[in-house]
Amino acid sequence: MSDLVLITGRDPAALARAAEAANGAPIPWVGLDDARAAEATVWFASGALPERTLDLPSLRWIQSAWAGVDRWLSRAEWRGEVVLTRTVADFPERIAEYVAGYLLAATIDVPRARRQQAERAWSRWTPGTLAGKGMLVAGHGAIGSRVASVARALGMTVTGIRRGPVTDEERAGGIEDAGALPSLLPRADVVVNLLPATPATESFWSAARFARLPEGSIFLNASRGACVRDEDLLAALDRGRPALAILDVFREEPLPRDHPYWAHPRVWITPHVAGLGDPATEGRAFGENWKRRREGAPLRHVVERDRGY
């Protein structure tokens, strides 16, 4: 059976064009409204997933256009024999720039500058600096590695934690296993959460861990809202540990208008934009993987169901 690709998302045609450019040849594809969609053997999914389960009996491979895959865990289309791959593309660069940008804005006090401009007030202050500060990156994968690299370029001392064994060489490069977390938190001026949403990371950031942070610290979440126990973070912010939370992801999205985060003076909110891709980058990532499939090479970024990433 020859492959047929179902493409869903904001602009399937744009996704297809980018994929074909990366592949160097046309790709047989259809949209969701095409009568042949049920014959698809490959599903390239971007944007919001269809609310209904798709009847795709010949499906063998799903490429998800997101780095996180928790939304697939409850989708019937990802059954045992179907391979799921995730997209990395330029997400490491985008998220690293988001992290650096918002940390710099907080540290040099951009909000104060904007307030004073609105008031036409000339009142000087000494901006802070990230140089010399300590950053803890929770979830040191491809994205975490890029975040750490940018932070080091700004003069920060960075330690990453990740699941699984860590070699001596990796330890020398600033990576630790999760068991080191209790001793690392008191030295973390900045915590960047990049953990995936799995049963093991549900409410990972709770009262006991926030209590170990130093006063004046910053907590930034750019992965999944389920990693944070919201009520514990709000209480911790009131105690100044952390002093500021920069949050791009939430348990419920869009964030309800009556959620306490909106009005909290120590919370900055963005609407899940840190790693938002576009058709060009998402399509290119799929096209590169499609080319590997066509050439018989292993697909990149295959998800392990048991690990959740």
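These notes cover one sheet and two pockets of the structure, which is a predicted model.

1. The sheet is open and consists of seven strands in the order 8-7-6-9-10-11-12, and its pairing is parallel. Its edges are formed by strand 8 (175–177) and strand 12 (267–269), each of which pairs on one side only. On average, and with direction ignored, neighbouring strands of this sheet are turned by 20° against each other.

2. At one of these edges, strand 12 runs parallel to strand 11 (residues 244–247), and the two are joined by three bridges. Within this pairing, W268 of strand 12 stands opposite I246.

3. Helix 4 (residues 142–153) packs on the sheet, where it touches both strand 6 (134–138) and strand 7 (157–162), and the direction of helix 4 makes about 170° with that of strand 6.

4. The largest pocket has a volume of about 1100 Å³ and is lined by 46 residues, with A67, G68, L194, L195 and P196 lying nearest its centre. Helix 2 (91–107), helix 4 and strand 7 are the elements that give two or more residues to this lining, and the largest share, three residues, comes from helix 4. Sorted by class, the lining of the largest pocket holds 23 nonpolar, 13 polar and 10 charged residues.

5. The second largest pocket, with a volume of about 430 Å³, is lined by 19 residues, of which F250, E252, E253, P254 and H272 lie nearest its centre. The class breakdown for this second lining is nine nonpolar, three polar and seven charged residues.

Definitions and conventions. Residues numbered from 1 in each chain as written. Predicted model: local features only at pLDDT ≥ 70, side-chain atom pairs only at ≥ 80, totals over all residues. Heavy atoms only, no water. Pairing = 2+ DSSP bridges. Helix = DSSP H or I, 4+ residues; strand = E, 2+ residues; numbered from the N terminus. Axes fitted to C-alpha atoms, helices over the stretch in contact; angles between N-to-C directions. Contact = heavy atoms within 4.5 Å. 1 Å grid on protein atoms, 1.4 Å probe; cavity = no way out; pocket = protein on both sides within 12 Å on 5 of 7 lines; lining within 4 Å. Points joined across faces, edges and corners; volume = space filled by probe spheres on them. Nonpolar A, V, L, I, M, F, W, Y, C, P; charged D, E, K, R; others polar.
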